[in-house]
Amino acid sequence: MLQIFIECREEKDHIVIAVEDNGPGFSEEQLAYYNQEIMEEQKERDLRQKKRKHHTLQCIIHSRLLHAWKNMVWELWANQ
């Protein structure tokens with residue numbers, strides 16, 4: 001029967017989660033494949049995060065330009 005043991009403990013300023021089981025384990029090929037899958041997912045996550053930051057910065061710039069343009073138009077209109 002497969003058994004899974006999970007331990008959580010606090011160490012200094014973080015939590016350690018340890019997981020053990022009595023299963024057969026992975027072959028070297030399987031381990032390499034799963035590690036590659038994890039790395040690919042992390043790269044995609046990092047790319048999505050960078051895109052979000054880019055869009056956020058883009059929105060800030062657009063907002064500031066629009067605000068400046070509105071102020072400029074108002075001043076031109078008021079001075080006529």
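This text walks through the predicted model, from its overall layout to its side-chain contacts.

Start with the layout. The chain holds one helix and two strands. Along the sequence they follow the pattern β-β-α. Strand 1 covers residues 4–11, and strand 2 covers 14–21. Helix 1 takes in residues 28–78.

Next, ask how far to trust the coordinates. The average pLDDT of the chain is 78. A score of at least 70 is reached by 71% of the residues. Confidence is not even along the chain. Strand 1 has the highest confidence, at 89. Helix 1 has the lowest, with a mean of 74. Read the details of the helix with that mean of 74 in mind.

How much of the chain is buried? Of the 80 residues, buried ones make up 1%. The accessible surface of the chain comes to about 8,200 Å². Carbon and sulfur atoms account for 59% of that surface. Strand 1 fits the picture. It has eight residues, and the number buried is zero, so strand 1 lies largely in the open.

Now look at the two strands together. Strand 1 and strand 2 pair in the antiparallel sense. Eight bridges link them. To find the register, begin at Ile 4, which stands opposite Asp 21 in strand 2. The two strands form a hairpin, with two residues between them. Lys 12 in this hairpin has a positive phi, near 50 degrees.

The hairpin strands also carry a nonpolar surface patch. Which residues make it? They are Leu 2, Ile 4, Ile 6, Ile 15, Ile 17 and Val 19. Together they give a patch of about 650 Å². Strand 1 and strand 2 each supply at least two of its residues. Strand 2 gives the largest share, with three residues. Leu 2 sits outside both strands, in the segment before strand 1. Its relative accessible area is 54%, and the cut-off for exposed is over 50%, so Leu 2 counts as exposed. Ile 4 thus has two roles in this account: it is part of the patch, and it stands opposite Asp 21.

Charged side chains come next. The salt-bridge count comes to four. Two of these bridges involve Arg 9. One joins Arg 9 to Glu 7, with the closest N and O atoms 3.4 Å apart. Another joins Arg 9 to Glu 11, at 3.0 Å from N to O. How exposed are these three residues? Arg 9 is partly exposed, at 33% relative accessible area. Glu 7 is partly exposed too, at 41%. Glu 11 has a value of 32% and is also partly exposed.

Helix 1 has a salt bridge as well. Arg 45 and Glu 41 meet there, at 3.9 Å from N to O. The cut-off is 4 Å, so this pair still counts as a salt bridge. Both residues lie in helix 1. They are four residues apart, about one turn of the helix. Arg 45 is partly exposed, with a relative accessible area of 40%. Glu 41 is likewise partly exposed, at 32%. Back in the strand region, shared partners join Glu 7, Arg 9 and Glu 11 into one salt-bridge network.

Finally, turn to the aromatic rings. The count comes to two aromatic pairs. One of them is formed by Tyr 33 and Tyr 34. Their ring centres are 5.4 Å apart. The planes make an angle of 70 degrees. An angle over 60 counts as edge-to-face, so this pair is edge-to-face. Tyr 33 is partly exposed, at 48% relative accessibility. Tyr 34 is partly exposed as well, at 39%. Which residues form the aromatic cluster? Phe 26 joins Tyr 33 and Tyr 34 in one cluster.

To recap the route: two antiparallel strands pair over eight bridges, and a nonpolar patch draws on both of them. Glu 7, Arg 9 and Glu 11 form one network. Helix 1 holds the bridge partners Arg 45 and Glu 41. Phe 26, Tyr 33 and Tyr 34 make up the aromatic cluster.

Note on methods: Residues numbered from 1 in each chain as written. Heavy atoms only, no water. pLDDT = per-residue confidence, 0-100. Patch = residues over 30% accessible without salt bridge, like charges linked within 9 Å, V, L, I, M, F, W, Y side chains within 5 Å. Areas by Shrake-Rupley, 256 points an atom, 1.4 Å probe, with all protein chains shown as cover. Buried < 20%, exposed > 50% of the residue type's maximum accessible area, 1.4 Å probe, protein only. Pairing = 2+ DSSP bridges. Phe/Tyr/Trp six-rings, centres within 6.5 Å; stacked < 30°, edge-to-face > 60°.
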